[in-house]
Amino acid sequence: MDVELRGITKRFGPVVANDGINLQIRAGEVLGLLGENGAGKSTMMNILSGLYAPDTGDILINGKKVVFEDPGDGIAAGIGMVHQHFMLVPVFTVAENVILGVEPTGRFDYLDLKTARKQVRDINDRYGLEVDPDALIETLPVGIQQRVEILKVLFRSADVIILDEPTAVLTPQEVEDFFDIVRSLRDAGKAIVFITHKLHEILEISDRISVLRHGRITGEGDPAKLTTETLAEMMVGRPVSFTVDKSPPHPGRPMLSVSDLCLFDAHDDFALDHVNFEVHSGEVVGIAGVQGNGQTELVETITGLTRPASGMIRFDDENVTRASVRDRHRMGMAHIPEDRLRSGMISNFTVAENMVLNSYYAPAYSKGPEIDWPKVQATAAQYCVDFDVRTPSVFLPAGNLSGGNQQKMVVARELERETKLVVASQPTRGLDVGSIEYIHERLIAARDEGDGVLIVSSELDEIMGLSDRILVMFEGRIVAEFDTTKGPIDRNAVGLAMAGASS
Amino acid sequence: MISSQTQSTQSGTTLDSGKARQARITGAILLALACLVLFVFGMDASGDATFRLSRPTDPWAVPNLVVPAGPFNYIAGAILAFLGVRQFLQGGVRWTSLSLGLGLAILVMAFLVWATAGKAFSLTGMLQATMVRAVPIALGGLAGVLCERVAVVNIAIEGMLLAGAFTGALIGSLLGGWGGLAAAVVVGGAFGFILAALVVTYRMDQIIAGVVINLFVLGLTSYVSSQVFSEYRHLNNAPVFRAFKIPLLGDIPVIGPMLFKQNLFVYGALILVAISTYYLFFTRNGLRARAVGEHPEAADTLGINVYRTRYIHVTLGGMVAGFGGAWFTLGSVGRFDENMTGGRGFIGLAAMIFGRWHPVGALAAALVFGFADSLQQKLALLRTPIPSEFLAMSPYIATIIVVAGFIGKAQPPAADGKPYVKE
Ligand SMILES: Nc1ncnc2c1ncn2[C@@H]1O[C@H](COP(=O)(O)OP(=O)(O)O)[C@@H](O)[C@H]1O
Ligand SMILES: [Mg+2]
């Protein structure tokens, strides 16, 4: 089945997410769709799947114009989408999730789960997906959950399969397996749209590439004739290098030392299982691992948001295990939280207010019992200049800024003072390349000034690029350590450790 | 991963998990109950407690159950003490919920034996009353289940019950019992539809919308009952659905009268619970409804209409509540009084939570509350030293203990209370 998008435009308020897009999707072919975060890839595919209605433009299937009122129409027309954020009901089984919306039924609307299981097994066997139809989604690792999403699409006999950033949650080994599945789908005659912002992936899997920037198609081509450099330029609009410039580290005394740290999760299993490590001044330690293996909990215990069940945290030679968040802050710990919208900033507050969230109580910002607003605003304006936060005014609500500028605002607030330790969790998630480069530079600069830097990221490339030492977390434990200063390290070895393979 | 009460770390310190602490608290509670049973119910009891299990006229008469009060309560206390001590021992964690449930059951038995010591008490009558009093709570809870399974929090159940009671009385007086019942269901459904419109279409805060409906219904029905019903008494004089016995089943000793010698509302509640359970967990539309409550975006991407699903289920919930409301008038006294539901709708919500958002669970929880309610009423007859005002509090105390303390990590539908915004 061939699909064509013609002149698709979609606005969200002032944001033009898609601007006159033309695109061809062909059966038996993998179309790679490349673009930075915020380029409009998901929006475009949500339009194609019927979730959003375009403002203008047409969708043509086999040359005939179609109009989708809701995703049900898209499904009926043979278009299936695996969303960037999985659309699975965690408390349902695999089979229940797969059949939802197209359930086999008996008399009295009876849900025929027996037939459903059999059908799921059949598809499983045909494409080698190996998923247990009776497993509860919430008990499955993300890699398997993704296969359930693919099962869903296949169960609806979709001819066009849209995969929105499918590799973001996978380990390198899982990515290889996943590519095998994608190829077998293509060879079965499906049209595949593969969305990503990772250059090497798009070159490996695509038969044809389209590049999207600021809602427009900025380049198209044959992967055989394209290089990562040319693709990067099409994607970002200027030449970029994805390596981080940094000098060799000069590690000093231990700045953070964590010993025997344990924490329980809601099910009384170990969220942190006897974690031991140190971060020295003047070095970057990166924590790699698939999401949900204790990284979030580790950062929360180090920064004081959660009390550990046992163990000790020493910061700058003091025992801070029971110290409050503010005390740690005052001692020079900076925290860039993993979800800036939830715990890094207050969207309805202005940029100026957000800039002093961690220091508004300081005498410098007080005028008697009041806050010295002119002082706060002047400081915030200065921070914006120092950290390249692009905002028309510091009086604007922070929620109006783009993701990259929001994150730079958080980084400015945390780093514009005397710091000794920087704890950065997913510091560049969902940002554009310019902001990513900038934040990486700042983190390395903090290291060079003698701070200890701890970075947690699920992007292995980021960890490999920034870290002087890499720790791998799996099921709440540190399972491997790699020293990047002693020559290049094996990406596969890190990937295996992330997947829990014991070395 | 390991999961147990205590785990020794490499450095030798002991870790404390939440469950271990819970187990110890439970142990302390059980020991306290043991003391109560031993030193109050045990020492104070003399003579035999006689429980009547059937009436002399029943076709299958069962002999009375006669229990020596003192010894029984000493044994009960000993069992409680044993259960309590075990919570502190290795591996007590596994027994926490079971011990607690058992402990509370033993406490109730010991209390009954103590209160009945030297007297006679009809167990059958109390079970029958339990069922009757559980009906509005169970139907309120069921209405809550239907709404919250599609992620709409329905605080307005109280108002819907009251509206059902009022309509039942008014229309019942004019058109007879069946007409009143139908009207109550329709009015309940109408309020459900209004709630759905407010929270689904207009995205009004669900709690506020519910409170508004409650206050509106309370104000309107109170006004009409004090201004109109007092003048025109024939408008507030509806026929009552009488109890009828189901042949054979109604003659089963002890539970027969409880389940099969009741009026339309009891049978209706049982049937509705059965149908809802089948619907929610065994049908296609039930699966879709639950998906809308757990993950509306996912449901939407699969072509399920989230808004329509919510409208339908909240309206159905309102109809169930309207039916439950009619119990107060058409199922019991035939007359409407100001605020006669007296918070049963809220207790129904507690039953829904206690019952883990499952129709059968809600019914079971409603029976617990109904039991506390009827116990209070019957104990007044036994003339216990406890003032009846305190006994009247017991259903509410039971609610607080049960909901706050012991349901643990009952998970509501993931999207519960959140409006769904497309795009
Ligand atoms: N539902 C929405 N409401 C408002 N703005 C949106 C919405 N979805 C996307 N956007 C905006 O549209 C732009 C494109 O987003 P998206 O399509 O998600 O990009 P991509 O998938 O390429 O990262 C972004 O600026 C984003 O903030
Ligand atoms: Mg996207």
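## Salt bridges across the chains

Count the salt bridges over all chains and you get 36. Keep in mind that this is a predicted model. The idea behind such pairs is simple: side chains of opposite charge can pair when their charged atoms come close.

Start with Glu4(A) and Arg6(A), whose side chains meet in a salt bridge with an N to O distance of 3.1 Å. Arg6(A) has 42% relative accessibility, so it counts as partly exposed. There is also a network of salt bridges, and it links Lys246(A), Arg447(A), Asp448(A) and Asp468(A).

## Glu165(A) and its partner

Glu165(A) pairs with Lys41(A) in a salt bridge, at 3.5 Å from N to O. This one links distant parts of the chain: Lys41(A) belongs to helix H1 (residues 41-48) of chain A, while Glu165(A) sits in the loop between strand E7 (160-164) and helix H6 (172-187), 124 residues apart. Are the two partners buried or exposed? Both Glu165(A) and Lys41(A) are buried. For Glu165(A) the relative accessibility is 8%, and buried means under 20%, so the label follows.

The backbone of Glu165(A) deserves a look too. Its phi is positive, about 45 degrees, although Glu165(A) is not a glycine.

## A link from Arg238(A) to helix H15

Arg238(A) and Glu437(A) form another salt bridge, with their closest N and O atoms 3.1 Å apart. Arg238(A) is in the loop between helix H8 (228-236) and strand E11 (254-264) of chain A, and Glu437(A) is in helix H15 (residues 433-448) of chain A, so the pair ties together parts that are 199 residues apart in sequence.

Here both ends are partly exposed: Arg238(A) has a relative accessible area of 33%, and Glu437(A) has one of 25%.

## The magnesium ion

Which protein atoms act as donors to the magnesium ion (ligand 2)? They are OG of Ser42(A) and OE1 of Gln84(A), lying 2.0 to 2.3 Å from the ion. Ser42(A) comes from helix H1 of chain A and Gln84(A) from the loop between strand E6 (79-82) and helix H3 (94-99) of chain A, so this pair ties together parts that are 42 residues apart in sequence.

Both donors come out as partly exposed. Ser42(A) has 22% relative accessibility, and Gln84(A) has a relative accessible area of 30%.

## Where chain A meets chain B

Now for the interface. On the chain A side, 42 residues are in contact with 33 residues of chain B. The area buried between chain A and chain B is about 3,300 Å², and carbon and sulfur atoms give 61% of that. Three residues, Leu100(A), Asp109(A) and Asp268(A), supply 17% of the area that chain A buries against chain B, more than any other three residues.

How many salt bridges are there between chain A and chain B? The count is two. Glu103(A) and Arg288(B) form a salt bridge, with the closest N and O atoms 2.8 Å apart. Six residue pairs are in polar contact across the interface, both residues in each being at pLDDT 80 or more. The elements of chain A that give two or more residues to this side are strand E1 (3-12), helix H2 (71-76), H3, E11 and strand E12 (270-280). By class, the side of chain A that touches chain B has 23 nonpolar, 12 charged and seven polar residues.

## A few residues worth a stop

Ser210(A) lies in strand E9 (residues 208-213) of chain A. With a relative accessible area of 0%, Ser210(A) is buried. Setting aside residues up to four places away in sequence, Ser210(A) touches a list of residues that includes Leu23(A), Leu31(A), Gly32(A), Ile217(A) and Glu220(A).

Thr56(A) is found in strand E4 (residues 56-61) of chain A and is partly exposed, at a relative accessible area of 45%. Leaving aside neighbours within four places in sequence, Thr56(A) is in contact with Gly7(A), Ile8(A) and Thr9(A). Val394(A) is 338 residues from Thr56(A) along the chain, and their C-alpha atoms are separated by 35 Å. Then there is His274(A) in strand E12 of chain A, which has a positive phi of about 50 degrees although it is not a glycine. His274(A) is buried, with a relative accessible area of 18%.

Note on methods:
Residues numbered from 1 in each chain as written. Chains lettered and ligands numbered in written order. Predicted model: local features only at pLDDT ≥ 70, side-chain atom pairs only at ≥ 80, totals over all residues. Heavy atoms only, no water. Salt bridge = Lys/Arg side-chain N within 4 Å of Asp/Glu carboxyl O. Buried < 20%, exposed > 50% of the residue type's maximum accessible area, 1.4 Å probe, protein only. Helix = DSSP H or I, 4+ residues; strand = E, 2+ residues; numbered from the N terminus. Donors = N, O, S within 2.8 Å, 3.2 Å for Na, K, Ca; no water. Contact = heavy atoms within 4.5 Å. Buried area = accessible area lost by both parts, 1.4 Å probe. Polar contact = N/O pair within 3.5 Å; in protein donor to acceptor, adjacent residues only side chain to side chain. Nonpolar A, V, L, I, M, F, W, Y, C, P; charged D, E, K, R; others polar.
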